[in-house]
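Please look through the structure shown here before reading the exchanges below it.

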Amino acid sequence: MASTPSRSALRPFNILEAFCEARRPLSLSEIAQSTGVPVSTCHTVVHSMEQFGLLYFLSSREAYPTRRLWDMAREINAHDPIATRCLPFLTALRDATHETVILGTRQDDRVLYLLVVESGQTIRYSSRAGAFKPLHSSSIGKALLGALPDAELQAWLQAHELGRATPRTITSAARLKDDILAARQRGYSITRGENVEDVMAIAAPLRRGALTLGLAVAGPLNRIDQNAEAIAAQLLACIGEIAF
C-alpha cells in the first residue's frame with residue numbers, strides 16, 4: 001500500500017481547491033481559513049505558487065490562479081493514454097443508455113474515478129474525475145475485487161473492515177464474497193443504494209493485458225432497475241469494443 005502523503009505536500013492542491021470552491025479571488029486570510037493552513041505557512045506556499053506562475057495578485061491582498069493551470073491541464077488531458085482511447089466509447093455508451101458512465105481504477109483500497117461522462121438528464125448520478133469511492137460498496141470496486149484471484153480476494157476480505165456508507169451497504173465479508181462471486185458468474189456487478197442512496201450502478205471489469213479498470217453505468221435506482229438487463233448488455237458490448 002502506498003504511504004499517505006504528508007499534509008505539507010498536499011497544501012498547494014488544498015489552495016487550488018479553495019479557489020475552485022470560492023470561484024473568485026481570495027485574500028491570504030481567506031485561503032488560510034478555507035484550507036485550515038496557518039497564515040504563515042499559507043503565505044510561504046502561496047509565494048512559491050506565485051513564483052512558479054500558478055498564482056497572480058490582483059492587488060496587494062487578493063490572488064487568483066493563472067491560465068498556466070488551464071494550459072497544463074489541457075496538454076495533460078490531450079495526451080492521457082486512457083482518455084484518448086476510451087472517451088469516445090464512454091460517450092457512445094452514455095448516449096445509448098442516457099445515464100452517467102464512469103471509468104475507474106483501483107488505488108490502494110479505493111476506487112479512483114478516471115473519467116466521468118455525465119448523463120444529460122436533469123435527475124442523474126453526478127460525480128467527477130479524481131473522486132474516490134470505497135471498493136466494497138461501489139459497483140466499480142466490486143467489479144475490481146471480483147477480478148482478483150480467489151486467494152487475493154479472500155485475503156483482502158479478511159484484512160479489511162467493511163464500513164457502512166448507506167443502510168444498504170454490505171458490511172459482512174461472507175455476504176460481500178457471495179455477491180462478488182455472483183457478479184463473476186453473470187459478468188457484471190450491481191449496487192443498489194449501497195454507496196449512494198437511491199443510486200444504482202452496473203459495472204464490469206475492463207481487462208487489457210496487465211491493466212484492469214472498471215467501467216460503470218450509474219443513475220437513479222428506479223430508472224436503472226427498470227432497464228438493468230439492457231444496460232448491462234450495452235455495458236458489456238462497450239467493453240468488448242474498447243482496444244488499447
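The questions and answers that follow concern this predicted model and take up a pocket, a helix and a hairpin in turn.

Q: Which element gives the largest share of the lining of the largest pocket?
A: The largest pocket has a volume of about 1,300 Å³, and 32 residues line it, with Leu 16, Glu 17, Cys 20, Ala 73 and Ala 129 lying nearest its centre. Among the elements that give two or more residues to this lining are helix H4 (68–78), helix H5 (81–97) and helix H1 (7–22). The largest share, nine residues, comes from H1.

Q: How many residues of the lining of the largest pocket are nonpolar?
A: The lining of the largest pocket consists of 32 residues, and these can be divided by the character of their side chains. Five of them are polar and five are charged, while the nonpolar ones number 22.

Q: Why do the buried residues of H8 lie on the same side of the helix, and what arc do they cover?
A: Residues three or four places apart in an α-helix point the same way, because there are 3.6 residues a turn. In helix H8 (residues 173–186), the buried residues are Leu 176, Asp 179, Ile 180 and Ala 183. They are on the same side of H8 because the arc they cover around the axis is only 95°.

Q: In S8, which residue is the bridge partner of Arg 192?
A: Strand S7 (residues 189–192) and strand S8 (residues 199–208) run antiparallel and are joined by four bridges. In the hairpin they form, six residues lie between the strands, and Gly 193 takes a positive phi near 70°. Arg 192 has as its bridge partner in S8 the residue Met 200.

Conventions:
Residues are numbered from 1 along each chain as its sequence is written. This is a predicted model: local features need pLDDT of at least 70, side-chain atom pairs count only at pLDDT 80 or more; totals for chains, interfaces and linings use all residues. Side-chain values use heavy atoms; hydrogens and water are left out. Two strands pair if DSSP finds at least two bridges between them. On a 1 Å grid over the protein atoms alone, a cavity is a set of points where a 1.4 Å probe fits but cannot get out, and a pocket is an open set with protein on both sides within 12 Å along at least five of seven lines; lining residues have an atom within 4 Å of a point. Grid points are joined across faces, edges and corners, and a volume is the space filled by probe spheres set on the points. Ala, Val, Leu, Ile, Met, Phe, Trp, Tyr, Cys and Pro count as nonpolar, Asp, Glu, Lys and Arg as charged, and the others, Gly among them, as polar. The expected span of a helix is 1.5 Å times one less than its number of residues. Buried means under 20% relative accessible area, exposed over 50%, partly exposed in between (1.4 Å probe, protein chains only). The arc is that of the directions from the helix axis to the C-beta atoms.
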